[in-house]
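Work through the short exercises below with the model open. Try each task before reading its solution.

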Amino acid sequence: IEAAVSANTPLQGICPTGWHVPTEAECNDLMNTYDATQLMAEGAGWVPDNGTNESGMSLVPSGYYNSDLDRLERMYSNAYFWIATPPTAVYHACQFGAACSSMEMVPGSLKMGYNTRCVANE
């Protein structure tokens, strides 16, 4: 992600036409609207398996790739997604999952393998 992003200018990045990488504001709206279990798919292998998917988002546990240690981590307890931020800021990921008491924004590193979730343009 190289281009600066404002709250009003979605960054398409790796997303297909008509979709964009979510902004920090969009991620915060999601976290303020739903709790983690409402976003998590039922029966998707979460540890513990407590997803209700009331939001219809159907998050599955995916963890992340830690390039420093050359291994996958938190595969069954968390899901991390990149958000669009200006290149001068710390890159962030939304953290969702059973292993955290609440969803949160966490500092990201371009060396880590987080997922990308695309959001449809309005």
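**Exercise 1. State what share of the residues in the protein chain counts as buried, and describe the exposed surface.**

Solution. This is a predicted model. The protein chain has 122 residues, and 37% of them count as buried. Next, take the surface. The exposed area is about 6,800 Å². Carbon and sulfur atoms supply 51% of that area.

**Exercise 2. Lay out the secondary structure and the contacts.**

Solution. Start with the elements: the protein chain has two helices and eight strands. Then read their order along the sequence: β-α-α-β-β-β-β-β-β-β. Last, turn to contacts with a separation of 6 or more. Residues 24 or more positions apart account for 45% of them.

**Exercise 3. Find the disulfide and say which parts of the chain it ties together.**

Solution. Search the whole structure: one disulfide turns up. The partners are Cys 15 and Cys 118, with an S to S distance of 2.2 Å. That passes the cut-off, since a disulfide requires sulfur atoms within 2.5 Å. Now place the partners. Cys 15 sits in the segment before β1 (19-20), and Cys 118 in the loop between β7 (112-113) and β8 (119-120), so the link ties together parts 103 residues apart in sequence. Finally, check the handedness: the angle about the S-S bond is -90 degrees, and the link is left-handed.

**Exercise 4. Classify each partner: buried, partly exposed or exposed?**

Solution. Buried means under 20% relative accessible area. Cys 15 has 3%, so Cys 15 is buried. Cys 118 has 27%. The partly exposed class runs between under 20% and over 50%, so Cys 118 is partly exposed.

Methods
Residues are numbered from 1 along each chain as its sequence is written. This is a predicted model: local features need pLDDT of at least 70, side-chain atom pairs count only at pLDDT 80 or more; totals for chains, interfaces and linings use all residues. Side-chain values use heavy atoms; hydrogens and water are left out. Helices (H or I, at least four residues) and strands (E, at least two) are DSSP runs, numbered from the N terminus. Buried means under 20% relative accessible area, exposed over 50%, partly exposed in between (1.4 Å probe, protein chains only). Contact means heavy atoms within 4.5 Å. Accessible areas come from the Shrake-Rupley method with a 1.4 Å probe; for residues, only the protein chains shown count as cover.
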